[in-house]
Amino acid sequence: MAVNLATIESVTKVYGTRALLDAVSLGVSEGDRIGVVGRNGDGKTTLIRILAKLEEPDGGRITWNGGLQLDVLTQHDSLDPKATIRHEVIADRADHEWLGDARIRDIIEGLFGGLDLPGFADGLDTVIGPLSGGERRRIALAKLLLGSPDLIVLDEPTNHLDVEGINWLAQHLQKRRSALVCVTHDRWFLDQVCTRMWDVQHGDVHEYEGGYSDYVFARAERSRIEAVEEQKRQNMARKELAWLRRGAPARTSKPRYRIEAANALIADVPEPRDKSELMKFANARLGKTVFDLENVTVKAGPKLLLENLTWQLGPGDRIGLLGVNGAGKTSLLRALRDAYASEGDVQPASGVVKVGKTVRLAYLSQEVAELNPETRVLQAVEQVRSRVDLGKGREMSAGQLCEQFGFGKDKQWTPVGDLSGGERRRLQLLRLLMDEPNVLFLDEPTNDLDIETLNQLEDLLDGWPGSMIVISHDRFFIERTTDVVHALLGDKRMRMLPGGIDEYLERRARMAAAAAPSAPVAAPAVETAAAGLSGGDLRAAKKEMQKLERQIAKLDEKESKLHAQLAEHAADFSKVAELDAQLRAVREEKEELEMSWLELAEQV
């Protein structure tokens, strides 16, 4: 039986007239890996700050198990600006001491890209004060991971990490024994790391078993059964579920019978994008030429980033652009933007960029464009256009598109100066799309956006007919919105990667191994089976799996009946306690059967 580490009992938190948390009760036990999701402003950060006792609730209480060691990564670090990285992270230990510790080496290499801390002028002896917020955040995360707490609480840990860093962090957290509560908008990361989800909505917190894709399925199923979600949200959940089950390899850890149930739920849902139809429409809007590059050289000041690049962005191409920091991703987009803005008069250091005559480019940079703080949200959108043609006969007014991007009727009259960073990012995206571009350059579009807004943006881009280049560290967003991945690996060339992000990570790992040939080869994370099953054993295993699936399905039915009985006897506390005990027993039995099923599935 897992030991309970921390408990939130009937916690209430009110800001102004709004209850962010309303009589919320939750628990964290040993081994829990909990992802916290919800819209910006709904109380995710407040919830984990209260759990970590960094903020007092207005009602209820927080109980920690005696002797609990808890470490928390907040949005604002408490590092000493006068100290060095060495002092904060490895407590001024001499090099020969910490270099002999494989755990310390792994964390520093994983978060900083090398033991010599490339990118920091003085390596470990760099003073923290002048560093950027992103650099300080990585230092704070490294300091936390080097400890051995019972419970780790992380608020947006993937911010300012690249694809490799996020991949390393996911693998590291999978291997740790500490319990984990994590707020993040990175859906791939949630799927890799978490086994439970807390969904913060309208003052309440709904709990779900499994990672993000399991949560999407459960949320859609819950909406269908209880009929409490409006039709638009339900359709969006079903469409995203269709992507999770069809558009990419199944990410869920749940057994096959659950996948079959999900497929039944989405049987009538079309593919997220009709690629041939979109390509046909893009050709009509753009013609044959969008951006053609011939022997192009791109520089940032004196630094040579790309050399003799011959490449073409065609009509309807949807490209995810990956690369190591400083390889030239943003510089390439800026070179193309400058060529477009000057109608071809401004060219890169050498070579030629040819721009199609019908191109209408919208470029979302990492910097949020400043608007008059007194301008209302709807006015800022209508300054661009009052109605927008989304293609294929779809048209929306400025107000309708505002609502789709999370600006309800009341919020549309909020001054821009009163918006949060995430809301300003949403407004920036919205203004770009209102200008009816046929080519989009999106440089880190997911920054500061919550999962629901990301879903809405992806849904909108599904039917958007044009060419697109996306730079992002959000692996889920790249896989969801683009068709092809190109990479800049730091050797002044661009490569198309048919294997996508997995191929990118494999190439980067090979490059790192080649750069350090004397380093010991790490043992594989998962040992492969020494020998396969015989024919008889294989048939027996499959038969046992089918038996387990039938038993789990019966327990599912029993669980549903117990939920119905709990609702029926809600006022009878003794009956509720009895039913709750039965429900816990059913869940434990089901979990054991599921583990047995998974073990057999691995053998088969």
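**Exercise 1. A loop residue with positive phi**

Task: In this predicted model, determine in which loop Leu-117 is placed, and state whether Leu-117 is buried or exposed.

Solution.
- Step 1. Leu-117 belongs to the loop that runs between α4 (102–112) and α5 (133–145).
- Step 2. The backbone angle phi of Leu-117 is positive, about 50°, although the residue is not a glycine.
- Step 3. The relative accessible area of Leu-117 is 0%. A residue under 20% is classed as buried, and therefore Leu-117 is buried.

**Exercise 2. A second positive phi**

Task: Locate Glu-436 and classify its accessibility.

Solution.
- Step 1. Glu-436 sits in the loop between α15 (421–434) and β17 (439–443).
- Step 2. Its phi is near 50°, a positive value in a residue other than glycine.
- Step 3. The relative accessibility of Glu-436 is 23%. Partly exposed residues fall between the limits of 20% and 50%, so Glu-436 counts as partly exposed.

**Exercise 3. The span of helix α16**

Task: What span should the twelve residues of helix α16 (residues 451–462) have at 1.5 Å a residue, and how far apart are its end C-alpha atoms?

Solution.
- Step 1. The expected span is 1.5 Å times one less than the number of residues. For the twelve residues of α16, the result is 16 Å.
- Step 2. The end C-alpha atoms of α16 are 16 Å apart, which agrees with the expected span.
- Step 3. As for its surroundings, α16 is mostly covered, with twelve of its twelve residues buried. Among the buried residues are Ile-451, Leu-454, Leu-457 and Leu-461, and also the charged residues Glu-452, Glu-458, Asp-459 and Asp-462.

**Exercise 4. A buried strand residue**

Task: In which strand is Val-24 placed, and what separates its C-alpha atom from that of Val-200?

Solution.
- Step 1. Val-24 is part of strand β2 (residues 18–29).
- Step 2. With 3% relative accessibility, Val-24 counts as buried.
- Step 3. Val-24 and Val-200 are 176 residues apart along the chain, while their C-alpha atoms are separated by 10.0 Å.

**Exercise 5. Two charged surface patches**

Task: Which residues form the negative surface patch, and which gather in the positive one?

Solution.
- Step 1. The negative patch is made up of Glu-209, Glu-588, Glu-589, Glu-591 and Glu-592.
- Step 2. Helix α20 (residues 573–603) supplies the largest share of this patch, four residues. Glu-592 is located in that helix, and it counts as exposed at 56% relative accessibility.
- Step 3. The patch of positive charge on the surface comprises Lys-543, Lys-547, Arg-550 and Lys-554.
- Step 4. Lys-543 lies in helix α19 (residues 535–568). At 64% relative accessibility, Lys-543 is exposed.
- Step 5. A general rule helps when reading such numbering: an α-helix has 3.6 residues a turn, so residues three or four places apart point the same way.

**Exercise 6. Salt bridges**

Task: How many salt bridges does the structure hold, and which parts of the chain does the pair Arg-18 and Asp-42 link?

Solution.
- Step 1. The structure contains 25 salt bridges.
- Step 2. In one of them, the side chains of Arg-18 and Asp-42 meet at 2.8 Å, N to O. This pair links distant parts of the chain, 24 residues apart: Arg-18 in strand β2, and Asp-42 in the loop between β3 (33–37) and α1 (44–51).
- Step 3. Arg-18 is partly exposed, at 42% relative accessible area, whereas Asp-42 is buried, at 10%.
- Step 4. Arg-86 and Asp-95 also form a salt bridge, at 2.8 Å, N to O. Arg-86 is buried at 15%, and Asp-95 is partly exposed at 37%.

**Exercise 7. A bridge between two loops**

Task: Explain why the pair Arg-385 and Asp-435 ties together separate parts of the sequence.

Solution.
- Step 1. The side chains of Arg-385 and Asp-435 meet in a salt bridge of 3.6 Å, N to O.
- Step 2. Arg-385 is in the loop between α13 (377–382) and β15 (387–391), and Asp-435 is in the loop between α15 and β17, so the bridge ties together parts that are 50 residues apart in sequence.
- Step 3. Arg-385 is partly exposed at 28% relative accessibility, and Asp-435 is partly exposed at 35%.
- Step 4. Elsewhere, Lys-13, Arg-49, Glu-55 and Asp-58 are joined into one network by salt bridges that share partners.

Key. Residues numbered from 1 in each chain as written. Predicted model: local features only at pLDDT ≥ 70, side-chain atom pairs only at ≥ 80, totals over all residues. Heavy atoms only, no water. Patch = residues over 30% accessible without salt bridge, like charges linked within 9 Å, V, L, I, M, F, W, Y side chains within 5 Å. Areas by Shrake-Rupley, 256 points an atom, 1.4 Å probe, with all protein chains shown as cover. Salt bridge = Lys/Arg side-chain N within 4 Å of Asp/Glu carboxyl O. Charge placed at Lys NZ, Arg CZ, Asp CG, Glu CD. Buried < 20%, exposed > 50% of the residue type's maximum accessible area, 1.4 Å probe, protein only.
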